[in-house]
Amino acid sequence: MVEEKNLKESKYSNKGPIDLDSIPIADTNLAIMEFGEGSISLTKCLRAMWMRGLKTHSCNAKCDEQLNIAHITMKENIDLFSYLSPVILDDEMIQIDIVEDKQTIRFAGTKARIEGAILSLIRDIQSGKKKNRKQLEEKIGVSFPEEWLQEYESYKNKTNGITKILAS
């Protein structure tokens with residue numbers, strides 16, 4: 001109970017982007033737990049990233065709904081993509097993009113699928129950089145499959161009380 005109370009009162013919850021260099025070493029575990037939003041895989045992933053100097057800008061893996069999209073956005077000019085293996089790069093439910101010099105990786109699907117994909121990312125980070133330039137170039141900016149996006153939009157509309165029919 002005390003831990004739960006401390007998490008709610010912490011200076012790291014719901015504050016927007018926080019400069020990771022401003023977090024005291026003693027607060028690192030607390031910050032990782034809060035940024036992980038209850039996702040075991042995101043919490044582990046943040047720890048693996050930070051241990052390798054891969055600083056994040058923002059992340060979200062709070063996947064309480066049946067279908068969702070989680071993301072991790074890196075700080076400017078931090079190269080996460082060079083760690084990605086074919087397992088990640090060939091997965092159509094994982095999207096990568098670069099906006100304003102920030103690399104973003106998005107995971108789509110069910111909570112279990114998203115958690116599993118983030119665990120794959122952890123393995124990629126732990127195994128080191130890859131020679132993946134060609135696959136990266138082909139993957140950057142490619143959207144999730146249209147069928148899934150329609151299913152996701154339909155699901156969101158239903159859960160928001162909207163009965164709108166999607167155009168095909």
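Here are some short exercises on this predicted model, each with a worked solution.

Residues are numbered from 1 along each chain as its sequence is written, and side-chain values use heavy atoms, leaving out hydrogens and water. Local features need pLDDT of at least 70 and side-chain atom pairs count only at pLDDT 80 or more, while totals for chains, interfaces and linings use all residues.

**Exercise 1. Find how many helices and strands the chain has, and put them in order.**

Step 1: Start with the rule: helices (H or I, at least four residues) and strands (E, at least two) are DSSP runs, numbered from the N terminus.

Step 2: Count them up, and you get 7 helices and 4 strands.

Step 3: Now walk along from the N terminus, and the elements read α-α-α-β-β-α-β-β-α-α-α.

**Exercise 2. Work out how the strands are arranged in the sheet.**

Step 1: Two strands pair if DSSP finds at least two bridges between them. In general, strands of a sheet pair through backbone hydrogen bonds, either parallel or antiparallel.

Step 2: Here the 4 strands make an open sheet with the order 1-2-4-3, and the pairing is antiparallel.

Step 3: Look for strands that pair on one side only: those are the edge strands, strand 1 (56–60) and strand 3 (94–99).

Step 4: From one strand to the next, the twist averages 15 degrees.

Step 5: Zoom in on strand 2 (residues 68–74) and strand 4 (residues 102–109), which are antiparallel and joined by 6 bridges. Histidine 71, for instance, has arginine 106 in strand 4 as its bridge partner.

**Exercise 3. Say which strands helix 5 lies across, and at what angle to strand 4 it runs.**

Step 1: Get the angle rule straight: axes are lines fitted to C-alpha atoms, for helices over the stretch in contact, and angles run from 0 to 180 degrees between N-to-C directions. Contact means heavy atoms within 4.5 Å.

Step 2: Helix 5 (residues 111–127) lies across strand 2, strand 3 and strand 4, and its angle to strand 4 is about 140 degrees.

**Exercise 4. Identify the residues that touch the most other members of the largest nonpolar core.**

Step 1: Buried means under 20% relative accessible area, exposed over 50%, and partly exposed in between (1.4 Å probe, protein chains only). By that rule, 42% of the 168 residues in the chain are buried.

Step 2: A nonpolar core is a set of buried Ala, Val, Leu, Ile, Met, Phe, Trp, Tyr and Cys residues joined through side-chain atoms within 4.5 Å.

Step 3: The largest one has 36 residues, and Met49, Ile72, Ile105, Phe107 and Leu121 touch the most other members. Elements giving two or more residues to this core include helix 2 (28–35), helix 3 (40–51) and helix 4 (86–89).

Step 4: Apart from this core lies another, of 7 residues, including Met93, Ala108, Phe144 and Tyr155.

Step 5: Try phenylalanine 107 as a test case: skipping neighbours within four places in sequence, its contacts include Ile69, Ile72, Met93, Leu121 and Phe144.

**Exercise 5. Decide how many disulfides there are.**

Step 1: A disulfide is a pair of cysteine sulfur atoms within 2.5 Å.

Step 2: The count by this rule is 0. For cysteine 45, the nearest cysteine sulfur belongs to cysteine 59 and is 8.8 Å away.

Step 3: Check burial too: cysteine 45 is buried at 0% relative accessible area, and cysteine 59 is buried at 16%.

**Exercise 6. Describe the aromatic cluster formed by Phe144, Trp148 and Tyr152.**

Step 1: Rings of Phe, Tyr and Trp (its six-membered ring) pair if their centres lie within 6.5 Å; planes under 30 degrees apart count as stacked, over 60 as edge-to-face and the rest as tilted. The structure holds 3 aromatic pairs.

Step 2: Phenylalanine 144 and tryptophan 148 sit 5.8 Å centre to centre with 65 degrees between the planes, an edge-to-face pair.

Step 3: For tryptophan 148 and tyrosine 152, the centres are 4.9 Å apart and the planes are at 10 degrees, so this pair is stacked. These two are 4 residues apart in helix 7 (residues 146–159), so about one helical turn separates them.

Step 4: Finish with burial: phenylalanine 144 is buried at 5%, tryptophan 148 at 8% and tyrosine 152 at 16%.
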